[in-house]
Amino acid sequence: MSEAYGSQIVICGNTYLEVENCKRIMEYNDIYLKVKTFSGMVIEIWGTGLMLSDYNTEGIAVRGHISSVELHGSE
């Protein structure tokens, strides 16, 4: 996905989430994940037992019990 198009977020229930077009992981532990996309958006994911099951240049996949997802403009 091109930088001009932003990121795509796929949420499957409350146990799986994918974010495409991630630039970097800003913070990560088992209850909180904060990532920045190439378009400058910051995504915060809250939950319990959060684990990155895939991380590559195309994006990330998160597994665990997801309780909240917050989207913010560039930080």
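Which residue in E6 is the bridge partner of tryptophan 46? In this predicted model, that partner is serine 68. The pair belongs to a wider arrangement of strands, described below.

**The sheet**

The model contains an open sheet of 6 strands, arranged in the order E1-E2-E6-E5-E4-E3 with antiparallel pairing. E1 (9-12) and E3 stand at the edges; each has a single partner strand, so one side of each is left without a neighbour in the sheet. Averaged over the sheet and with direction ignored, neighbouring strands are turned by 40° against each other.

The following table lists pairings within this sheet, including the number of bridges and one pair of opposite residues for each.

| Strand pair | Sense | Bridges | One opposite pair |
|---|---|---|---|
| E1 and E2 | antiparallel | 4 bridges | isoleucine 9 and valine 19 |
| E2 and E6 | antiparallel | 5 bridges | glutamate 20 and glycine 59 |
| E5 and E6 | antiparallel | 12 bridges | tryptophan 46 and serine 68 |

Strand E5 covers residues 42-56, and strand E6 covers residues 59-72. In a regular strand, side chains alternate between the two faces of the sheet.

**Two loop residues**

Asparagine 21 is placed in the loop between strand E2 (16-20) and E3. Its phi is positive, at about 70°, although asparagine 21 is not a glycine. Is asparagine 21 buried or exposed? With a relative accessibility of 7%, asparagine 21 counts as buried, because the cut-off for this class is under 20%.

Isoleucine 31 is found in another loop, the one between strand E3 (22-28) and strand E4 (32-37). Its relative accessible area of 40% makes isoleucine 31 partly exposed. The C-alpha atom of isoleucine 31 is separated by 4.9 Å from that of glycine 47, although the two residues are 16 residues apart along the chain. Leaving aside residues up to four places away in sequence, isoleucine 31 touches Ile45, Trp46, Gly47, Thr48 and Leu50. Trp46, one of these contacts, is the residue whose bridge partner in E6 is serine 68.

**A nonpolar surface patch**

Which residues form a nonpolar patch on the surface? The patch consists of Ile11, Met41, Val69 and Leu71, which together have about 310 Å² of accessible area. Among them, valine 69 lies in strand E6. Valine 69 counts as partly exposed, at 31% relative accessibility.

How values were computed. Residues are numbered from 1 along each chain as its sequence is written. This is a predicted model: local features need pLDDT of at least 70, side-chain atom pairs count only at pLDDT 80 or more; totals for chains, interfaces and linings use all residues. Side-chain values use heavy atoms; hydrogens and water are left out. Buried means under 20% relative accessible area, exposed over 50%, partly exposed in between (1.4 Å probe, protein chains only). Contact means heavy atoms within 4.5 Å. Two strands pair if DSSP finds at least two bridges between them. Axes are lines fitted to C-alpha atoms, for helices over the stretch in contact, and angles run from 0 to 180 degrees between N-to-C directions. Patches are made of residues with over 30% relative accessible area and no salt bridge: like charges are joined within 9 Å, nonpolar side chains (Val, Leu, Ile, Met, Phe, Trp, Tyr) within 5 Å. Accessible areas come from the Shrake-Rupley method with a 1.4 Å probe; for residues, only the protein chains shown count as cover. A salt bridge is a side-chain nitrogen of Lys or Arg within 4 Å of a carboxyl oxygen of Asp or Glu.
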